[in-house]
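Student: Got a minute to go through this fold with me? I'd like to start with the backbone.

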Amino acid sequence: DAGLGIEHLDWYNNQYADQDPENRQEGDFAYPAVFLEFLPMQFQKHGQAQRCRLRFRVHLVTLNYAHSRAGLPEQDQALEHLDLSAQLYAQLQSFRAVDGQGRTICNTCSRTGHTTDHNQTNQVVNIQEFETTAFDYSAI
């Protein structure tokens, strides 16, 4: 979690829409949570390997019971999700991966969008979209 305090990491499957933070049940995810959603990919030949424009979304789900109106004592607490979202962006925007042979798996990631979903009960969901070029060497 790179020191961000992320309590849960999983593939995105609309989990936060189905979870009621007021009535937690066994198997529910802990907060803050991150869900990864990969968008459709189309591959091109790249020598013996393949490459694609990899687009993905990072859903950051945090609890929020406080109000953010100026002057309220809980304002800082209500806005903590923005700090965490910015820290997550800082970690991902320069992420680059190589395999054990030093070959690039994905180039540096670049954020292409950001949306905040306030339509969840006592949850705030920050959705950041990224893209990179990814390489697949598995058929070599």
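Tutor: Sure, we'll take the backbone oddities and then the strand pairing. Keep in mind that this is a predicted model.

Student: Which residues does the cis peptide bond join?

Tutor: Y31 and P32, with omega at about -10 degrees. P32 sits in the loop between α1 (15-18) and β2 (33-38).

Student: OK, and what's the phi of N14?

Tutor: Phi of N14 is near 60 degrees, so a positive value in a residue other than glycine. You'll find N14 in the loop between β1 (8-11) and α1.

Student: Why does N14 count as partly exposed?

Tutor: Because its relative accessibility is 34%, and partly exposed covers the range between 20% and 50%.

Student: Switching to strands. How many bridges pair β2 and β4?

Tutor: Six, in the antiparallel sense, with β4 covering residues 49-63. One pair to look at is F38, whose bridge partner in β4 is F56.

Student: And how many join β3 to β4?

Tutor: Four, again with the strands running antiparallel; β3 is residues 43-46. Q44 stands opposite R51 in β4 there.

Student: What do β3 and β4 form?

Tutor: A hairpin, with two residues between the strands. G47 in the turn has a positive phi of about 65 degrees.

Student: What about β8, how many bridges join β4 to that one?

Tutor: 14, and these two run antiparallel as well; β8 spans residues 123-136. For a landmark, find Q50, which stands opposite D136 in β8.

Definitions and conventions: Residues are numbered from 1 along each chain as its sequence is written. This is a predicted model: local features need pLDDT of at least 70, side-chain atom pairs count only at pLDDT 80 or more; totals for chains, interfaces and linings use all residues. Side-chain values use heavy atoms; hydrogens and water are left out. Buried means under 20% relative accessible area, exposed over 50%, partly exposed in between (1.4 Å probe, protein chains only). Two strands pair if DSSP finds at least two bridges between them.
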